[in-house]
Every structure is written in structure tokens, then in C-alpha cells.
Amino acid sequence: MKLNIKYFGLLAEVTQCAAEVIDFSGSSVSELLELLFEKYPILENKDFQVAQNQKIVSIDTLVSEHEIALLPPFSGG
Amino acid sequence: MKDRKPKNVFKEGAISSEFIGQSIAKHQSKTSIGAHNIFLGQVRADVIDGKTVSAIEYTAYEEMANAKFHEIRESAFEKFNLTCMHIYHSLGTVKIGEICLFVFVSSPSRKDVFKALEFIVEAIKADVPVYGKEIFEDASHQWKVNS
């Protein structure tokens, strides 16, 4: 399935990418992350959470929605 | 409680003292209110490794952030006896000394607004996907981390 991957804050800077479409044939968030770590090795040692369709999910979650966001620690306010 | 729709909390640039003053004035007609409480987040000129912060550039996962702000609003209305609540957060560049977050709660009585304001501000810091990039005077930067 085609996924719309969004990167925020520090992660958008290190990947030099704010959003991209990725073809994903695996099932879980952790498999998706393996794919992204191959593309952007620098992500592997960064601290972030994953949101699927704007909800934070664990890495065991099945990828079922098209919008996936990588969210580093928040720093609003 | 479910009739409130998610609002857009974000404003481009700093939140002006005129805007804050007008927000207060608008509540004069709501005469069941006996207490307001206001939190203003201001951009601080932190010195890090000898370099001074001159501004913060804010970005956000806007759709998710507005949904989170809405959840925070709903749970604050459930927990506390509030008449109304307003939250505004800056996007883009906010210079040191300027306001980047404005939270305004109103209630018939003071005890609710004291507790509600702390609850709301802490929830914003913890749960809302907003990112601050601290820009130093020499134009270098680092990503802010909330303590």
C-alpha cells in the first residue's frame, strides 16, 4: 500500500524531507521503521513516536491507515 | 459537551498584547463569570554554550495538534466547572520577549480556574505535537526540548 509518511521537527531536518509517499508491503509499524531506517540510517538513533492517522501507536501495531507521522519529543509552549 | 467542534488554535507569529487585551474585554458581557486565569508563555533568551537564543521558530503536526487541543479542552470542561476556555499557540517565528502561548480560562469561581489552567498547560506541553527550533543570534539553531 502507498503510505504518506510525514516527518516533523528534528526528523524533517535530518531526513531533509517533510513528507513523502512510500510503497509498503509489510504489515507492522516496526517493519515500516526498518524500511525507513534503511533509507535514512540517521533515524535509527533518534528518539521519536509514531502516529497512525494522527494517533500515537506502538511499533507492534499493524499499518492500516495511509497517514504515518514520525514525531520527535514535543516542545510546544 | 460534545457540541464544541475542534478549533484552529494556531496563530502565525507572536500573540500580541492587544489581542490578549481584546480577549479579556470580550468577556465583560458574560456576567456569570467571577474569575479568569491566564497563562502566557514567553520566549526566553536562554544562553546555551555561550550562544544566546534570539527567537523560536514553531512548527506543528497541525491536524493532530488541533485534535489534541480539542481533547484537552473537552477533558478540562469535564474536570472543572468552566464557563469558557481559549487556547492560542504561535506558529512561525516568535522573538525573545514575545508571547507564543495564551491560555485563558473563566469560571464562576477562582478555585476551578487555578486548577484548570495548570492542567491545561501541562497537557499542552506533554501531548501536543508542536516543535520549537531555537534560533541563536549567530543564526545557528537547536531543537528545543521541554523540561
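These are my notes on salt bridges, one serine and two pockets in this structure.

**Entry 1: the model**

I am working from a predicted model, so I treat every value below as computed from it.

**Entry 2: salt bridges**

How many salt bridges turn up over all chains? My search of the whole structure gave 6.

I started with K6(A) and E67(A), which form a salt bridge whose closest N and O atoms are 3.9 Å apart. K6(A) sits in strand β1 of chain A, residues 2-7, and E67(A) in strand β5, residues 67-71, so this pair ties together parts 61 residues apart in sequence. Then I checked accessibility for both partners. K6(A) comes out at 15% and counts as buried; E67(A) has 17% and is buried too. I also noted that K6(A) and E67(A) are joined with E63(B) in a network of salt bridges.

Next I looked up E20(A) and K39(A), whose side chains meet in a salt bridge at 2.6 Å, N to O. This one also links distant parts of the chain: E20(A) belongs to strand β2 (residues 19-23) and K39(A) to helix α2 (residues 29-39), with their positions 19 residues apart in sequence. Are the two partners buried or exposed? E20(A) is buried at 12% relative accessible area, while K39(A) is partly exposed at 47%.

In chain B I pulled up D46(B) and R44(B), which form a salt bridge with the closest N and O atoms 2.8 Å apart. D46(B) is partly exposed, at 23% relative accessibility. R44(B) is exposed, with a relative accessible area of 58%, because the cut-off for exposed is over 50%.

**Entry 3: S23(B)**

I went to S23(B) next and found it in helix α1 of chain B, which covers residues 17-25. Its relative accessible area is 8%, so I have it down as buried, the cut-off being under 20%. What does S23(B) touch, leaving aside neighbours within four places in sequence? The contacts are F102(B) and F104(B). I also took the C-alpha to C-alpha distance from S23(B) to A60(B): the two are 24 Å apart in space and 37 residues apart in sequence.

**Entry 4: largest pocket**

Then I turned to the pockets. The largest one holds about 360 Å³ of space. Its lining has 19 residues, and the closest to the pocket centre are G77(A), R44(B), K125(B), K144(B) and N146(B). So R44(B), from the bridge with D46(B), shows up here again.

Which elements give two or more residues to this lining? They are β2 (35-42), β4 (51-60) and β8 (141-143), in chain B. β2(B) gives the most, with 3 residues. Sorting the lining by class, I got 8 nonpolar, 6 polar and 5 charged residues.

**Entry 5: second largest pocket**

The second largest pocket has a volume of about 170 Å³. From chain A its lining includes K6(A), Y7(A), F8(A), G9(A), A12(A), E13(A), A18(A) and A19(A). Chain B brings E57(B), T59(B), K133(B) and W143(B). K6(A) is thus a lining residue here as well as the partner of E67(A) in a salt bridge.

By element, β1 and α1 (10-15) of chain A and β4 of chain B each supply at least two residues of this lining. By class I have 6 nonpolar, 2 polar and 4 charged.

Conventions
Residues numbered from 1 in each chain as written. Chains lettered and ligands numbered in written order. Predicted model: local features only at pLDDT ≥ 70, side-chain atom pairs only at ≥ 80, totals over all residues. Heavy atoms only, no water. Salt bridge = Lys/Arg side-chain N within 4 Å of Asp/Glu carboxyl O. Helix = DSSP H or I, 4+ residues; strand = E, 2+ residues; numbered from the N terminus. Buried < 20%, exposed > 50% of the residue type's maximum accessible area, 1.4 Å probe, protein only. Contact = heavy atoms within 4.5 Å. 1 Å grid on protein atoms, 1.4 Å probe; cavity = no way out; pocket = protein on both sides within 12 Å on 5 of 7 lines; lining within 4 Å. Points joined across faces, edges and corners; volume = space filled by probe spheres on them. Nonpolar A, V, L, I, M, F, W, Y, C, P; charged D, E, K, R; others polar.
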